[in-house]
Amino acid sequence: MTNRLRGWARDRPLAADAATAVALALVDAAFLLLTPRELRPEQLWAALGWSVLCAAPVAIRRVAPWPAVGAAVATLAVPVLFALAPTTQGLTFIVLTYTMAAHRPLRAASLAALLLWVPVVLANVVAPLDGVLDMGPGVLVLDNLLTASVAFAVGRAVQARRQSTRMLRERARIAEATQRSLAEQAVADERRRIARELHDVVAHHVSVMGVLATGARRVLRRDPDAADEAMATVEETGRATLRELRRLLDVLRTDAEPAAELTPQPGLTGIEALVEQVREAGLPVTLRVDGTPGPMEDGVALTVYRIVQEALTNALKHAGRATALVRLTVTPGFLAVEVTDTGRGPAPVADRIGHGLVGMRERVALYGGVLRTGPRPGGGFRVYARIPLEPAGAVPA
């Protein structure tokens, strides 16, 4: 409710300030009505009218601040001519002093304060009003100066806080943009690395096709069956190459980078050696395979290998004294890999991008799979990926 009122006051300053002026006039009217009869002004309705007139400058304090200051100073003629000082007059001077201090630069706010309160001080010295309390001009001057100082100080404090909040919001926006830029850069780096590896897979396939085609041409006349078998392998490899090329286009790097050696990338057969290396490094790891791995795309096998490699590396760094389990589940329709450990897991770092998790996510998404990472309910960390397997020789749409 408070935020809604603030938004309304900010969007409609004239209406909000007019309501403030009406509130000041009502406060003065209530004060006059509650005053004992012997202390009330003789012409009550005239006093109420002058009260409304003195509160009128508040209605334009934000849309026309300098005319409001001039109108407020002009109302000082009321107590001089009619020996009557409405309560709204003092409140109006306080509100205008606060408004100029809170919304204007220091020089303009100081000038407005002088224009408002110097005439008040002069009026107190030259023509002080007789009231219930017999106060001399010095006390009146001191009282008005203190009131003006408090209103001015509160206004400057509000402006300083507003500027500080604006600066904090700007810093938060810049930090968010920087974090987003770092995340995008991390994704781009991982995409380039994946593209390089897929390039190596495709290049290896093409090299194999070239060797098989050369062999088939040489034995075509003396051993047609061997040539036919070689050409069938070329056909199978060509279809796999088409699939890898399609995925390579999805993550194609935008800048030129040197190509790697034309050597096959690691796959499922390398996971056992990887587990053994991590075990020798000090982390007890168990490998479990459910199902029988059949022929699959080299890119899928490479993705599974990289997921296991990254997950075990993180466990080796962050798990501490723990054990790990690598579980592969192979079915005709999908391949699932799960790496769990019983350690404490990685410590959250707010200003750091997890490149390893970004790389896993990009690799799995490239083959239409899903990736889930996070702490385990009983302690430790879990990485789970599920990748659909396409039938051998199928060309994706």
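**View 1. Arg-363, a buried arginine in helix α12.** With a relative accessible area of 4%, Arg-363 is buried in this predicted model, since anything under 20% gets that label. The residue belongs to helix α12, which runs over residues 355-366. So who keeps Arg-363 company, once residues up to four places away in sequence are left out? Its contacts are Arg-193, Ile-194 and Glu-197, plus Leu-302, Thr-303 and Arg-306.

**View 2. Helices α4 and α6 side by side.** Here we look at α4 (residues 65-74) packing with α6 (residues 87-103). The angle between them is about 155°, and their axes sit 11 Å apart. Angles over 145 degrees count as roughly antiparallel, and that is therefore how α4 and α6 are arranged relative to each other. As for handedness, the two helices make a left-handed crossing.

**View 3. The residues where α4 and α6 meet.** On the α4 side, the contact is made by Pro-65, Trp-66, Ala-68, Val-69, Ala-72 and Val-73. Across from them, α6 brings in Thr-92, Phe-93, Leu-96 and Met-100. Sort the residues of this contact by type and you get nine nonpolar, one polar and no charged.

**View 4. The buried face of α4.** Which residues of α4 are buried? They are Pro-65, Ala-68, Val-69 and Ala-72. Looking down the helix axis, the buried residues of α4 stay within an arc of 100°, so they line one face of the helix. The spacing helps make sense of this kind of pattern: an α-helix has 3.6 residues a turn, so residues three or four places apart point the same way. Among the things covering the buried residues of α4 are helix α6 and helix α7 (106-126).

**View 5. Leu-26, an exposed leucine in helix α2.** Is Leu-26 buried or exposed? At 56% relative accessibility, Leu-26 counts as exposed, the cut-off being over 50%. Its home is helix α2, spanning residues 13-34. Val-52 is also worth picking out in this view: Leu-26 and Val-52 are 26 residues apart along the chain, and their C-alpha atoms are separated by 8.7 Å.

**View 6. Stepping back to the whole chain.** To put the close-ups in context, the chain has 12 helices and five strands. It is 397 residues long, and 35% of those residues count as buried. Take the contacts in the chain with a separation of 6 or more: residues 24 or more positions apart account for 73% of them.

Notes. Residues are numbered from 1 along each chain as its sequence is written. This is a predicted model: local features need pLDDT of at least 70, side-chain atom pairs count only at pLDDT 80 or more; totals for chains, interfaces and linings use all residues. Side-chain values use heavy atoms; hydrogens and water are left out. Axes are lines fitted to C-alpha atoms, for helices over the stretch in contact, and angles run from 0 to 180 degrees between N-to-C directions. Helices (H or I, at least four residues) and strands (E, at least two) are DSSP runs, numbered from the N terminus. Angles under 35 degrees count as roughly parallel, over 145 as roughly antiparallel, 65 to 115 as roughly perpendicular and the rest as oblique. A crossing is left-handed if the near helix is turned anticlockwise from the far one by less than a right angle, and right-handed if clockwise. Contact means heavy atoms within 4.5 Å. Ala, Val, Leu, Ile, Met, Phe, Trp, Tyr, Cys and Pro count as nonpolar, Asp, Glu, Lys and Arg as charged, and the others, Gly among them, as polar. Buried means under 20% relative accessible area, exposed over 50%, partly exposed in between (1.4 Å probe, protein chains only). The arc is that of the directions from the helix axis to the C-beta atoms.
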